[in-house]
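Visitor: Hi, could we walk through this one together? I'd like to ask things as they come up.
Guide: Happy to, here it comes.

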Amino acid sequence: MEDKSQEELQQIVMELRRAQQNLEILQNQSELLKNSISEVESTKETLNGIKEVEPGTELLVPIGSGSFLPVEVKDPERILSDLGADLVAERTPEKVTKLIDKQKKDLEEMLEETNNKIEELSEKIEELRPKAQELMSQAQSETG
């Protein structure tokens, strides 16, 4: 195989590997975004259910590993919402719902963007594979 073809084959193989690694990273990112969207949807369902709760109602709050803590709702109009950096703010269910709707919209846009990148990379990989196979076939026919 001539040096130029060998170099071209190595370049295409490296590009293919990079594209496949990036594709895997994007696919993982897509899954994380889908999970985040599901979590946000679940939170919104819970908030909608809280609107029906009367003060004094006892609820079971999951604390992990299939364990629950019975609690009494004092004021269903007070929701403590995470601000980040270990800070929380007291908000109404309506305000939290608006924030969650925006968060969901942002996540969905990020997911769409990620899925578009996945599609582009997949097309690039499908474009590179035949070139690599052709160059490998040429190399084999020259040595065989």
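Guide: One cut-off before we start: a residue is called exposed when its relative accessible area is over 50%, and buried when it is under 20%, with partly exposed in between. Also, this is a predicted model.
Visitor: Good to know. Is S65 buried or exposed, then?
Guide: S65 has 82% relative accessibility, so it counts as exposed.
Visitor: And where does S65 lie?
Guide: S65 is in the loop between β1 (58-64) and β2 (67-72). Its backbone is worth a look too: S65 is not a glycine, yet it has a positive phi of about 55°.
Visitor: What do most residues do there?
Guide: Most residues other than glycine have a negative phi.
Visitor: What about D86, which loop is that in?
Guide: D86 is found in the loop between β3 (79-84) and β4 (87-91). D86 also has a positive phi, about 60°, although it is not a glycine.
Visitor: Why does D86 count as exposed?
Guide: Because its relative accessibility is 83%, and the cut-off for exposed is over 50%.
Visitor: Let's switch to the helices. Where does Q20 sit?
Guide: Q20 lies in helix α1, which covers residues 3-50. With 35% relative accessibility, Q20 counts as partly exposed.
Visitor: What does Q20 touch, leaving out residues up to four places away in sequence?
Guide: On that basis, Q20 touches I125 and R129.
Visitor: And how far apart are Q20 and A85 in space?
Guide: They are 36 Å apart, C-alpha to C-alpha, with their positions 65 residues apart in sequence.
Visitor: Which residues does UniProt annotate as coiled-coil region?
Guide: The unreviewed UniProt entry gives that annotation to residues 2-43 and 97-138. In the model, residues 97-138 are 100% helix and 0% strand, and the end C-alpha atoms of that span lie 61 Å apart.
Visitor: Now the packing. Which residues make up the largest nonpolar core?
Guide: There are 12 residues in all: L9, I12, L16, A19, L23, L26, I118, L121, I125, L128, A132 and L135. Helices α1 and α2 (93-143) each supply at least two residues of this core. I125, one of the residues Q20 touches, is a member.
Visitor: Take L128 as an example. What does L128 touch beyond four places in sequence?
Guide: L128 touches I12, E15 and L16. I12 and L16 belong to the largest core as well.
Visitor: How many residues are in the other core?
Guide: That other core, which lies apart from the largest nonpolar core, has 9 residues, including I37, V40, I79 and V96.
Visitor: On to pockets. What is the volume of the largest pocket?
Guide: The largest pocket has a volume of about 450 Å³. It is lined by 19 residues, and T43, S81, V96, I100 and Q103 lie nearest its centre.
Visitor: Which element gives the most to that lining?
Guide: That is α1, with 8 residues. The elements giving two or more residues to the lining are α1, β3 and α2.
Visitor: How does that lining divide by class?
Guide: The lining of the largest pocket has 10 nonpolar, 6 polar and 3 charged residues.
Visitor: And which residues line the second largest pocket?
Guide: The second largest pocket, with about 250 Å³ of space, is lined by I50, V53, L59, V73, K74, D75, P76, R78, I79, L80 and E90. By class, that lining has 7 nonpolar, no polar and 4 charged residues. I79 in this lining is also in the core of 9 residues.

Technical notes:
Residues are numbered from 1 along each chain as its sequence is written. This is a predicted model: local features need pLDDT of at least 70, side-chain atom pairs count only at pLDDT 80 or more; totals for chains, interfaces and linings use all residues. Side-chain values use heavy atoms; hydrogens and water are left out. Helices (H or I, at least four residues) and strands (E, at least two) are DSSP runs, numbered from the N terminus. Buried means under 20% relative accessible area, exposed over 50%, partly exposed in between (1.4 Å probe, protein chains only). Contact means heavy atoms within 4.5 Å. UniProt positions are given in the numbering used here, feature names are shortened, and annotations may be inferred rather than shown by experiment. A nonpolar core is a set of buried Ala, Val, Leu, Ile, Met, Phe, Trp, Tyr and Cys residues joined through side-chain atoms within 4.5 Å. On a 1 Å grid over the protein atoms alone, a cavity is a set of points where a 1.4 Å probe fits but cannot get out, and a pocket is an open set with protein on both sides within 12 Å along at least five of seven lines; lining residues have an atom within 4 Å of a point. Grid points are joined across faces, edges and corners, and a volume is the space filled by probe spheres set on the points. Ala, Val, Leu, Ile, Met, Phe, Trp, Tyr, Cys and Pro count as nonpolar, Asp, Glu, Lys and Arg as charged, and the others, Gly among them, as polar.
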